[in-house]
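Student: I would like a close look at a single part of this model, namely the sheets of one chain and the helices that pack on them. Please take the strands in turn and then the helices.

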Amino acid sequence: MKIFNRFLLFSLFLITSCKTQYVATSNDKQLYKVTSNNQTDTLSDIERYLKPFRDSLNMTMNEVIGEAMGDFIKEKPSGSLGNLVVDAMLADDGSQMTDGRKVSGAITNPGGLRINQIPKGKITKGKIFELLPFENELVIVEVKGTVLKQWMELIKDNGGWPTTGELISPSKILRNYNLDSTYYIATNDYVANGGDNCSFLIPCKKHPTGKTIRELVIAFIKKSKIIIPNKTASFPQIGE
Amino acid sequence: MQNPTSDIRHLISSRRSFIKQTALATTGLLLANNMDVFANIEHQTSNIELTVLHTNDVHSRLDPFPMDGSKYQGLGGVVAREKIIRSVRNEVDNMLLLDAGDMFQGTPYFNFFKGEPEMKVMSMLKYDAATLGNHDFDNGIDGLVKQMDYADFPIVNCNYDFAGTALETLISPYTIIKRGKLKIGILGVGIEPKGLIPDRLCEGIIYNNPIARANEIADYLKNKKKCDYVVCLSHLGFEYKDNKISDKIFAKETENIDMILGGHTHTFLDEPVMIKNRNQQEVIVNQVGWAGIHLGRINIYFDNKKHYDYVSKNTVIEVKETRV
């Protein structure tokens with residue numbers, strides 16, 4: 001018996017060597033059988049346990065909020081998925097402070113985007129929860145030109161972050177800002193509080209907005225209805 | 001003491017190259033030939049065998065990826081994983097099921113239920129041990145403490161000092177598990193929280209150097225507790241461009257650890273990597289991507305003197321099912 005098992009393993013190794021050892025394909029029928037009435041094997045325990053959780057999530061998460069006209073991809077230095085997020089960060093409240101001061105741009109950390117793709121087709125609310133699972137809030141940080149330069153250097157060293165704005169670039173350090181001036185940059189509270197090695201932002205003044213990046217992206221897609229992947233972020237022209 | 005002799009090594013390496021050659025040869029191999037190969041191996045190796053199954057960075061992926069045309073559609077899911085685990089359990093005598101952290105965060109399950117289904121399902125799958133990833137702190141120390149009620153398995157970490165926090169009594173540096181005639185020590189190491197986990201979520205936890213701490217604990221497990229095999233669950237990450245401590249560096253600078261099962265960098269390795277430790281002994285290092293797409297499997301054979309022999313190769317099991 002043992003030899004036979006070894007033989008099986010070995011055969012699988014031969015077939016799939018260097019790739020995967022075996023591919024276990026359970027089909028729909030088996031799975032649905034488990035969730036229906038005949039729950040005789042242990043398999044059904046987990047499915048039976050999970051089903052109420054899943055059903056309650058599906059009620060809200062399956063809502064279609066818009067449609068992607070192409071695949072949105074996470075890429076460095078700049079990709080359509082990251083651009084969608086930074087554009088959404090500035091789309092509504094993000095572009096202007098409550099006192100009317102202008103926001104110069106938006107930056108988010110690539111580690112905050114938790115899936116690599118939103119495929120072409122209908123977009124569910126659940127998909128945006130997968131993309132942005134964290135309860136991260138949009139905050140506006142006040143940064144001196146010197147700090148912005150430091151931030152740009154980090155972004156460049158990381159191979160690019162999703163950014164939008166006239167003064168910032170996903171992969172270059174631009175020279176057209178004044179090191180002594182103050183700029184207002186929209187980002188998430190994780191980064192603003194020093195996350196992803198942004199400790200230089202810790203002492204900066206922050207203006208919380210009370211909105212999560214996720215709700216802003218959901219609102220942006222709902223409002224747009226149709227979204228088109230764009231490899232370059234479109235910075236909204238403020239005041240026009 | 002626990003290391004294979006050079007003779008055994010030699011046998012193994014020639015056997016491995018033979019297997020490779022066989023694999024390169026025609027696929028029309030006669031069954032009888034294969035049986036011979038294995039009868040031979042059966043004779044040379046021992047009767048004690050340990051099978052380690054492992055996951056990392058499952059990130060609340062309880063369901064398979066939806067069938068929406070994306071890269072991983074239909075892959076993963078705990079129901080499919082359970083099937084494979086169960087079939088392996090039936091096939092082998094000594095099995096361990098381990099996880100290298102970041103069990104939490106990534107699907108609405110975590111946003112709405114805070115980790116309860118993740119922990120409960122891992123308990124139902126009968127995980128033997130897990131370590132903590134940075135995202136397991138996403139609801140803070142108190143958030144994690146609440147979910148530990150649902151974990152029927154030990155969570156190990158030896159380089160975070162939890163003294164004075166609510167986790168102090170809930171997390172131990174190591175655990176020892178007996179399987180048949182084998183005694184296996186399992187320790188855990190975690191990544192530096194600074195700049196990664198917001199301070200308010202891990203307040204009071206002191207980060208210690210994982211190399212120094214792991215060396216202390218592994219020495220204790222191997223030499224004092226006489227464990228036959230020592231596994232380190234790591235959430236350090238497989239490798240980095242700079243000299244930040246990773247599994248590759250950790251493996252080189254530690255001793256008394258036989259296997260490192262890693263996480264954090266979501267690295268999909270096709271097979272485990274062998275790295276020489278600071279005593280020039282080989283350590284098996286593996287990581288299986290993320291989201292429960294793969295389940296790693298490593299077999300270790302021990303001889304009658306309990307010296308472990310080697311490891312059957314590779315071992316990624318792809319968990320796949322289709323669901324709309």
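Tutor: What follows goes through the sheets of chain A, then the helices against them, and ends with the nonpolar cores.

The model is a predicted one, and local features are described only where pLDDT is at least 70. An open sheet of 5 strands in chain A has the order β8-β4-β9-β7-β10, and its pairing is mixed. Its edge strands are β8 (163–165) and β10 of chain A, each of which pairs on one side only. On average, and with direction ignored, neighbouring strands of this sheet are turned by 25° against each other.

Starting from the β8(A) edge, strand β4 (residues 105–107) of chain A runs antiparallel to β8(A), and 3 bridges join the two; within this pairing A:Ile107 stands opposite A:Thr163 in β8(A). Further along the order, strand β7 (residues 137–144) of chain A has partners that can be described one after the other. With strand β9 (residues 182–188) of chain A, β7(A) shares 7 bridges in an antiparallel arrangement, and A:Leu138 has A:Asn188 in β9(A) as its bridge partner. With strand β10 (residues 205–212) of chain A, β7(A) pairs over 5 bridges, again in the antiparallel sense, and here A:Val139 is partnered by A:Pro208 in β10(A).

Two helices can be placed against this sheet. Helix α4 (residues 80–91) of chain A lies across β4, β7, β8 and β9 of chain A, and runs at about 45° to β8(A). Helix α6 (residues 145–157) of chain A lies across β7, β8 and β9 of chain A, with an angle of about 120° to β7(A).

Chain A also holds an open sheet of 3 strands, ordered β6-β2-β11, with mixed pairing. Here β6 (121–124) and β11 (226–227) of chain A stand at the edges with a single partner strand each, so one side of each has no neighbour in the sheet. Strand β2 (residues 64–68) of chain A is joined to β6(A) by 4 bridges, and these strands run antiparallel; A:Glu67 has A:Lys122 in β6(A) as its bridge partner. Helix α8(A) packs on this sheet, touching β2, β6 and β11 of chain A, and its direction makes about 70° with that of β2(A).

The contact between α4(A) and α8(A) links the two descriptions. The axes of α4(A) and helix α8 (residues 213–224) of chain A come within 8 Å and cross at roughly 90°, and since angles of 65 to 115 degrees count as roughly perpendicular, the two helices are therefore roughly perpendicular to each other. On the α4(A) side the contact involves A:Val85, A:Ala88, A:Met89 and A:Ala91, which meet A:Ile213, A:Leu216, A:Val217 and A:Phe220 in α8(A). By class, this contact has 8 nonpolar residues, no polar and no charged ones.

In soluble globular proteins, nonpolar side chains tend to be buried together. The largest nonpolar core of the model has 77 residues, and those with the most contacts inside it are B:Leu98, B:Leu187, B:Val231, B:Cys232, B:Leu233 and B:Ile260. Apart from that core lies another, of 50 residues, and among them are A:Ala68, A:Ile168, A:Tyr183 and A:Ile185.

Technical notes:
Residues are numbered from 1 along each chain as its sequence is written. Chains are lettered from A and ligands numbered from 1 in the order in which they are written. This is a predicted model: local features need pLDDT of at least 70, side-chain atom pairs count only at pLDDT 80 or more; totals for chains, interfaces and linings use all residues. Two strands pair if DSSP finds at least two bridges between them. Axes are lines fitted to C-alpha atoms, for helices over the stretch in contact, and angles run from 0 to 180 degrees between N-to-C directions. Two residues are in contact if their C-beta atoms, placed from the backbone, lie within 7 Å. Angles under 35 degrees count as roughly parallel, over 145 as roughly antiparallel, 65 to 115 as roughly perpendicular and the rest as oblique. Ala, Val, Leu, Ile, Met, Phe, Trp, Tyr, Cys and Pro count as nonpolar, Asp, Glu, Lys and Arg as charged, and the others, Gly among them, as polar. A nonpolar core is a set of buried Ala, Val, Leu, Ile, Met, Phe, Trp, Tyr and Cys residues joined through C-beta atoms within 7 Å. A residue is buried if 20 or more other C-beta atoms lie within 10 Å of its own, exposed if 12 or fewer, and partly exposed in between; C-beta atoms are placed from the backbone.
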